[in-house]
Every structure is written in structure tokens, then in C-alpha cells.
2 protein chains.
Amino acid sequence: MAVHIMTALAYVKEKISSEQLANTVNTNPVVVRRILGALNRAGLVCAERGKVGGFSLARASKDISLLDIYRAILAKQKLVNLHDNPQNRACAVSCKVRGVLSTHLKQAQSAYERELKKVALADIEKSM
Amino acid sequence: MAVHIMTALAYVKEKISSEQLANTVNTNPVVVRRILGALNRAGLVCAERGKVGGFSLARASKDISLLDIYRAILAKQKLVNLHDNPQNRACAVSCKVRGVLSTHLKQAQSAYERELKKVALADIEKSM
DNA sequence: CAAAATAGTAACCAATGTGGTTACATTAAT
DNA sequence: ATTAATGTAACCACATTGGTTACTATTTTG
């Protein structure tokens, strides 16, 4: 939904309300504003309050990547997580698996993020 | 948890019960058996019933990758999903974003899976 | 053949996360 | 002062997940 919203902002190049954005996503304005809140905190959009308020991109769509949007929304979530059951101190596997697996998952996560970084919002906008 | 279990199976090279596996993961045997069920259906482990039953790897740990385990457990889930709200036919963005974004997400997903494929269970086992 | 120990699975619960909704406070233009 | 917008809290419905209990099916062993 965040990418959908950002694409809409890039596509219509003017200020637009959460009401109108909700219309393209087919959901509730509050849901849209929640997402826009995260995008705003990440510095990707500008929000203006009051009558004739609305949202717009904070910078050119060629300078915004899918990774920027991904991070704004899923800031501290990982794609795949380790289980968090307590260790069994008597078991070498139990004590060490998490650490080892963690490094491999980070590798994969980085590869995923590198791909997202390659795609600019402008690329998506062009396909509309 | 699945990787933890598979590592344990690789580490002790003999048949082992869900009770013992639950002990290293620090959870319930039923939870372990649920995961082992998926791993079994994916052909990664062998299960034996009855007294002296238990589980063992179906093939050498060097021939099992993290991707195999990932697919066994998260078979049809994607790392990141498209929203599934209905389209707004009157809006070009609403109609086209999903398709465009989908191809980029598949690229990233593939990159993630390529990294998982590089890691063999044997690599993890060696670090124990 | 009976007992014991194991896998397989259904059913339920608690906790969590997500999206939708209502309601209201805050802000700014008119 | 009115109007129209953002910002957010509160609540609900729903799905997912891991844990738990309880049971059946299977296999070995005394």
C-alpha cells in the first residue's frame, strides 16, 4: 500500500489529500494517513495541515528507491526471524545455532535490500 | 526453529525423538512434530513411528540448503506481499501498480533465495 | 498378546499483528 | 467563525502463530 500511495503521489505531481489517496487504494483515509505518517517521519513525503492541506513527495521520484519505502514502513522488522525460545545451556546446537543462522539471514536480507535499492519510484511511475 | 531442528539432526547423526528435539529448542514436542511434518513432506527428513521411532535426515547435510528448509516451511508465502484491496477502475495507478511492483518484488525474492541456496546445512553443522 | 513408547493430528487457547472504523483534537485558509 | 484537512487514540474483526491437551495409529519388546 505504501508503494501504491507513493506511486500515486509521483503520478499526480501536485498536493493531494488522504481522502483522494484512499480512493485509489480503495481503503480508509485513516489507514492511508497512518502509512503517510511513517513515510513522513522517514522524510519521504511532506504533509500540510489545515484547509487545502495534503501530501506530496519530499523529493524527486528518481531519488526515492523501493528500499527507502521498505525501510520507512518495515523499519525494524526482518524478512525472516530467529525463534526466541530460551537456550538449553546443556546443548551446543541450542547455544550456537542462532548466531550462525543470523549471519546467513543477514546476508540474504542484504541481497533483498540491494534489489529494492535498484528500483526508483520514477521507474514505477513511468510504467503507469 | 526448523533450521535449529535440522541442525540438531545433522549434529547427532542418529535417530532422535521429537521429545529430545523439543528439549534443544526449548519448546513442546507437538510444535516440533508439526515442523517435522512439513520437513518430512518436503522429503528432508525420515520419520519412523512406533517404539524406538524418531527422526533423521533424509540425505547428507551437505546436500540440504537453507533454501530447501525455507521452502519446506514457508512454501507459498512471499517475503513481502501486495495489498489485495479491489482496484479502482477509474485510476491508472490503482490498475497497474500491483503488476509492476510484483515483478520487482519477485526479483528481490529471488536474490534472497539465491543467498539461502548458497548455505548448506553442513556449513552450519560445522560451526557447532 | 499386552504394555510401552513413539509419531500424527485435531482441537483449543493466548498472544500478536494488521487493516478497517469511529471519534475527536489540531491546524490553517477563507 | 466556518470549513476542510492532518494526526492520533481507541476499538473491533480477522488471521497467524506457538503452546497445550488429548487422542489415535504404529511399532517394538517383554
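1. What turn and shift lay chain B on chain A, and with what RMSD? A turn of 180° and a shift of 0.0 Å along the axis do it, with an RMSD of 0.1 Å. The copies are thus related as by a two-fold rotation axis. Superposition is by least squares on the C-alpha atoms of residues with pLDDT of at least 70 in both.

2. This is a predicted model: local features need pLDDT of at least 70, side-chain atom pairs count only at pLDDT 80 or more, and totals for chains, interfaces and linings use all residues. Side-chain values use heavy atoms, without hydrogens and water.

3. The contact (heavy atoms within 4.5 Å) takes 41 residues from chain B and 41 residues from chain A. Of the interface residues of chain B, 100% are also interface residues in chain A, so the copies meet through the same surface.

4. Chain B and chain A bury about 3600 Å² between them, 70% of it on carbon and sulfur atoms. Buried area is the accessible area (1.4 Å probe) that two parts lose on being put together, summed over both. Val93(B), Tyr112(B) and Met128(B) supply 17% of the area that chain B buries against chain A, more than any other three residues.

5. Zero salt bridges are counted between chain B and chain A; the rule is a side-chain nitrogen of Lys or Arg within 4 Å of a carboxyl oxygen of Asp or Glu.

6. On the side of chain B that touches chain A, helices H1 (2–11), H2 (18–25), H4 (66–73) and H5 (92–118) each supply at least two residues. H5(B) gives the largest share, 16 residues. Helices are DSSP runs (H or I, at least four residues), numbered from the N terminus.

Note on methods: Residues are numbered from 1 along each chain as its sequence is written. Chains are lettered from A and ligands numbered from 1 in the order in which they are written.
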